[in-house]
Amino acid sequence: MAAIYSPMRRIWPLSAIVSAEGAQLRRLLEMTDVAPNSRCIDLGCGVGHSRELVPAEAWVVGVDRSPRMARHAAAAGYRAVVLADIGQLPFATNFDFALCIGVLEYVAAVDLFFRQVAAVLHENGYFLCTISPNTKITALRRRFGPLLYLHRPEQMIQWGEDAGLRLVAQRYYLTQISFLFSKQCAAD
Ligand SMILES: C[S@@+](CC[C@H](N)C(=O)[O-])C[C@H]1O[C@@H](n2cnc3c(N)ncnc32)[C@H](O)[C@@H]1O
């Protein structure tokens, strides 16, 4: 899968979808004040396409549970690629920004995951993530692909709140719903 993932993304209509999804994420990123040389963590980095969302000078650690994906990602400009499950992050508080793009549909316990993200983020750090919407396209993916979990947007916002992550903005597209959260200061 890792070897065909990138070529597939260049073929229409997937190319058009990928481009629209990327534009939506970049617009959300423009709402943050994360410095170009910030410390980022890309959770479920795959072969490294989500690395392109943050500036080249950012210090980015990728995390993925698939050894093949992680091997490909190693050439994508990460400071390090760590083989781990994002449900059990082996990090202390260290990051200004966390990304989790195209991954949460494979994760059942997103409430626990949010707590981990909050634990590795500095105060006022940002978290950008996506889920799959409840559409016919997702239904087709669920029918013919691997097991996918559907999470409701209002549930995502609540899980974020419970973990100390406040919603900054949310955007809808045919194939993805994106959320930008910010870690609240203890005094907020
Ligand atoms: C569709 S790819 C998305 C990759 C990348 N974020 C992107 O935007 O192109 C999903 C990735 O999430 C990884 N993944 C799924 N569940 C995971 C988990 N629990 N822990 C670590 N990685 C996970 C998969 O191995 C896969 O590489």
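Cys129 and strands S4 and S5

In this predicted model, Cys129 touches Cys100, Leu104 and Phe179, leaving aside residues up to four places away in sequence.

Me: What makes Cys100 and Cys129 count as touching?
Reply: Two residues are in contact if their C-beta atoms, placed from the backbone, lie within 7 Å. Cys100 is listed among the contacts of Cys129, together with Leu104 and Phe179, so the pair meets that cut-off.

Me: Why is Cys129 called buried?
Reply: The cut-off is 20 or more other C-beta atoms within 10 Å. Cys129 has 26 such neighbours inside 10 Å, and therefore counts as buried.

Me: Where does Cys129 sit in the chain's secondary structure?
Reply: Cys129 belongs to strand S5, which covers residues 121-131.

Me: How do you know that S4 and S5 pair?
Reply: Pairing takes at least two bridges between the strands. S4 and S5 have five, in the parallel sense, so they pair. One of the bridge partnerships is that of Phe95 with Leu121 in S5.

Me: What makes S1 and S4 a pair as well?
Reply: Strand S1 (residues 39-43) is joined to S4 by three bridges, and the two run parallel. At least two are needed, so S1 and S4 qualify. Asp42 stands opposite Leu99 in S4.

Me: Why is strand S4 described as mostly covered?
Reply: In S4 (residues 95-100), six of its six residues are buried.

Me: Which elements make the right-handed β-α-β unit?
Reply: The unit consists of S4, helix H4 (residues 110-120) and S5.

Methods
Residues numbered from 1 in each chain as written. Predicted model: local features only at pLDDT ≥ 70, side-chain atom pairs only at ≥ 80, totals over all residues. Helix = DSSP H or I, 4+ residues; strand = E, 2+ residues; numbered from the N terminus. Buried ≥ 20, exposed ≤ 12 C-beta atoms within 10 Å, placed from the backbone. Right-handed = clockwise from strand over helix to strand, strands pointing away.
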